[in-house]
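Trainee: Could you take a close look at one part of this model for me, namely its charged and polar side-chain pairs, and then place them in their surroundings? I would like one connected account rather than a list.

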Amino acid sequence: MNKLHKILIGVFCIGVLLCGIGTGVAFTEFSKLTYGGRQYLGKTDMKTENFDVKYEPGEKPQDIIGWYRRDQYQMLTDSGIPENTVRFCVTYNAERVTPSAYWDEENGDVIMTYQWNDAQDETALMMEAKDLVLQNLKEGKIVSLDVMDVENVTVLVNPESRPDVKLVF
């Protein structure tokens, strides 16, 4: 074996050793991190508002359609709600969204939806997210970042009208 081969083998072994040390240090640092929970970005102006939608019962149940996650929806009965009316009790961030509800007579659907407000600045949210991630990493935490839009939707119907509607996601 000539001198060049010995030098190359030595450099290779040193490289493997340094990679192993780097992996050990990275694993040690990562194992020290803790979960810091969920943090919300941007301004929040939480409001709760009711939206009543009247519908005409048909041969088949009216579909109640929403644009949210399943864990945000729940359907309850309340005798204080007029018959053939669906009440959406929505908790939302007025800084980001404006909810609305209506009856699509043609398709027989009661629809709950929302529109984004024009005042949102996505670049500012991205920079705030970067700052929060770096700050929490310095403190040894990893956090989940989220933007609050719609927190909860409760669908209320009269017990007599319950067979006339069904919740669809």
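Mentor: A residue is called buried when its relative accessible area is under 20%, exposed when that area is over 50%, and partly exposed in between. The model is a predicted one, and everything that follows should be read with that in mind.

Let me begin with the salt bridges, of which a search of the whole structure finds six. One of them joins Asp 131 and Lys 130, whose side chains meet at 2.8 Å from N to O. Lys 130 has a relative accessibility of 39% and therefore counts as partly exposed, and Asp 131, with a relative accessible area of 42%, is likewise partly exposed.

Another salt bridge, between Asp 149 and Arg 96, has its closest N and O atoms 2.8 Å apart. Asp 149 sits in the loop between strand S8 (141-147) and strand S9 (150-157), while Arg 96 sits in the loop between S5 and strand S6 (97-104), so this pair ties together parts of the chain that are 53 residues apart in sequence. Both Asp 149 and Arg 96 are buried.

A further salt bridge links Glu 29 to Lys 32, where the closest N and O atoms are 3.9 Å apart; the cut-off for calling a pair a salt bridge is 4 Å, so the pair is included. Glu 29, at a relative accessible area of 47%, is partly exposed, whereas Lys 32, at 55% relative accessibility, counts as exposed.

Glu 29 brings us to helix H1, which covers residues 3-31. At 1.5 Å a residue, its 29 residues should span 42 Å, and because the C-alpha atoms at its ends are 42 Å apart, the expectation and the model agree. The N-terminal end of H1 is capped by Asn 2, which places a side-chain oxygen 3.3 Å from the backbone nitrogen of Leu 4. A nonpolar surface patch is formed by Ile 14, Leu 17, Leu 18, Ile 21 and Val 25, which together offer about 500 Å² of accessible area; of these residues, Val 25 lies in helix H1. As background to the spacing in such a patch, an α-helix has 3.6 residues a turn, so residues three or four places apart point the same way.

For a polar contact between side chains, turn to Thr 85, which is in strand S5 (residues 85-93). Its side chain makes a polar contact with that of Lys 54 at 3.4 Å, and, since its relative accessibility is 3%, Thr 85 counts as buried. Beyond its neighbours within four places in sequence, Thr 85 is in contact with Asp 52, Val 53, Lys 54, Tyr 55, Leu 156 and Val 157.

Just before Thr 85 comes Asn 84, in the loop between strand S4 (73-77) and S5. Asn 84 has a positive phi of about 60 degrees although it is not a glycine, and at 22% relative accessibility it counts as partly exposed. Ile 81 belongs to the loop between S4 and S5 as well, but with a relative accessible area of 2% this isoleucine is buried. Residues up to four places away in sequence aside, Ile 81 touches Arg 87, Leu 156, Val 157 and Asn 158; Leu 156 and Val 157 are also among the contacts of Thr 85. From C-alpha to C-alpha, Ile 81 and Gly 10 are 81 Å apart in space, with their positions 71 residues apart in sequence.

Among the acidic residues, Asp 109 is also worth a look in its strand, S7 (residues 109-116). Its relative accessibility is 10%, and it therefore counts as buried. If residues up to four places away in sequence are not counted, Asp 109 touches Gln 62, Asp 63, Ile 65, Tyr 102, Trp 103 and Asp 104.

To close, consider Gly 37 in strand S1 (residues 34-41), which has a relative accessible area of 19% and so falls on the buried side of the 20% cut-off. Apart from neighbours within four places in sequence, Gly 37 is in contact with Ile 142, Val 143 and Ser 144. Its C-alpha atom is separated by 42 Å from that of Cys 13, which is 24 residues away along the chain.

How values were computed
Residues numbered from 1 in each chain as written. Predicted model: local features only at pLDDT ≥ 70, side-chain atom pairs only at ≥ 80, totals over all residues. Heavy atoms only, no water. Helix = DSSP H or I, 4+ residues; strand = E, 2+ residues; numbered from the N terminus. Expected span 1.5 Å × (residues − 1). Polar contact = N/O pair within 3.5 Å; in protein donor to acceptor, adjacent residues only side chain to side chain. Buried < 20%, exposed > 50% of the residue type's maximum accessible area, 1.4 Å probe, protein only. Contact = heavy atoms within 4.5 Å. Patch = residues over 30% accessible without salt bridge, like charges linked within 9 Å, V, L, I, M, F, W, Y side chains within 5 Å. Areas by Shrake-Rupley, 256 points an atom, 1.4 Å probe, with all protein chains shown as cover.
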